[in-house]
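Dear colleague,

I am passing on the structure shown below, together with notes on what was found in it. Please read the notes with the model open beside them.

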Amino acid sequence: MVTMDFVSGNTGWIEVICGPMFSGKSEELIRRLRRAMIARKRVQVFKPALDDRYSTTAIVSHGDMRMESEVISEPSEILAKLDWRADVVGIDEANFFGHGLIDVATKLADGGKQVIISGLDTDFMGRPFSPVPELLCLAESITKLLAVCVRCGNPAKHTQRLVPSSELVVVGGADAYEARCRRCFEPGVSKQEVLEFARPRAVAAEQSR
Ligand code: ADP
Ligand code: ZN
């Protein structure tokens, strides 16, 4: 993994941490931001208002690591609320910000900021999930994390949605999503519940014949 810890001067850059839910993106973001603070850098952290699953202000990992952040609804608010003395700008849940984040991240890095962005790279159907794929192309450093497949234990790159919805954005945690590998992933909604519901009826129908 390329580490950008030793870049000197006022050069900005973009680091992206991507992967499915439960892969440790928030933990990794918090780890990097803490290291920046140890290095006495000024750090500012932003998260989308949409993501209020665990806390209204802090960014929180599924393992309960947390760090205070500023809550915003539009990526343009990052520029509006930015303390221009900040050296490092952390952005969690980038997938909720949409296309506007691409321009904002570019402006920040061009302006000399170290921008660390964490977000899902694929959606509930396994498709590239804008704006993270575009940000990967623009970044100096990319880290792709994998979770553990809850079905088989293999490395998981997919976020399996468990609740029925075809909306692109459905906010939820372990109640609505789980990590799955390529083989166990069922694009869209898991058929597990349907099969379990269907089984007793099928057996009953078989017995009544
Ligand atoms: P992300 O930001 O990618 O959703 P987090 O940093 O919030 O991930 O959480 C990662 C933590 O989630 C892991 O350290 C582990 O404690 C926990 N976890 C729960 N389910 C899984 C899973 N299926 N695979 C890996 N980690 C998991
Ligand atoms: Zn699997």
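Strand 6 (88–91) and strand 7 (114–119) run parallel and are joined by four bridges, where strands, like helices, are DSSP runs numbered from the N terminus (E of at least two residues for strands, H or I of at least four for helices), and two strands pair if DSSP finds at least two bridges between them. Within this pair, Val88 has Gln114 of strand 7 as its bridge partner. The chain crosses from strand 6 through helix 3 to strand 7 in a right-handed β-α-β crossover, right-handed meaning that, with the strands pointing away from the viewer, the path from the first strand over the helix to the second runs clockwise.

Before going further, please note that this is a predicted model, in which local features need pLDDT of at least 70 and side-chain atom pairs count only at pLDDT 80 or more, while totals for chains, interfaces and linings use all residues. Residues are numbered from 1 along each chain as its sequence is written, and chains are lettered from A and ligands numbered from 1 in the order in which they are written.

The protein chain has five helices and 12 strands, and 36% of its 209 residues count as buried, a residue being buried if 20 or more other C-beta atoms lie within 10 Å of its own, exposed if 12 or fewer do, and partly exposed in between, with C-beta atoms placed from the backbone. Of the contacts between residues at least 6 apart in sequence, 73% join residues at least 24 apart; a contact here requires C-beta atoms, placed from the backbone, within 7 Å of each other.

Strands 6 and 7 belong to an open sheet of six strands, paired in parallel in the order 5-2-6-7-1-8. Strand 5 (70–72) and strand 8 (141–144) stand at the edges with a single partner strand each, so one side of each has no neighbour in the sheet. From one strand to the next the twist averages 20°, with axes taken as lines fitted to C-alpha atoms, for helices over the stretch in contact, and angles running from 0 to 180 degrees between N-to-C directions. Strand 2 (residues 43–48) is joined in parallel to strand 5 by three bridges, with Ile72 of strand 5 as the bridge partner of Pro48, and to strand 6, also in parallel, by four bridges, with Gly90 of strand 6 as the bridge partner of Val45. Strand 6 is covered on both faces, for Val88 and Gly90 on one side and Val89 and Ile91 on the other are all buried.

Two helices can be described against this sheet. Helix 1 (25–38) lies across strand 1 (13–18), strand 2, strand 6, strand 7 and strand 8, and runs at about 160° to strand 7. Helix 3 (residues 100–110) packs on the sheet and touches strand 1, strand 6 and strand 7, its direction making about 155° with that of strand 7. The buried residues of helix 3 are Leu101, Ile102, Val104, Ala105, Leu108 and Ala109, and what covers them includes helix 2 (76–81) and helix 4 (132–138). Just after helix 3, Gly112 takes a positive phi of about 95°.

Helix 1 also takes part in the surroundings of ligand 1, giving the most to the shell with three residues, while strand 9 (147–148), like helix 1, supplies at least two. The ligand is surrounded by 15 residues, the closest being Lys25, Ser26, Ser61, His62 and Ala147; a residue is near the ligand if its C-beta atom, placed from the backbone, lies within 6 Å of it.

Some backbone details in the loops deserve a look. The peptide bond from Ser130 to Pro131 is cis, with omega near 10°, and Pro131 sits in the loop between strand 7 and helix 4. Arg40, in the loop between helix 1 and strand 2, has a positive phi of about 60° although it is not a glycine, and counts as exposed, with 7 C-beta neighbours inside 10 Å. Glu93, in the loop between strand 6 and helix 3, likewise has a positive phi, near 55°, but is buried, with 21 other C-beta atoms within 10 Å.

With best wishes

Note on methods: Two residues are in contact if their C-beta atoms, placed from the backbone, lie within 7 Å.
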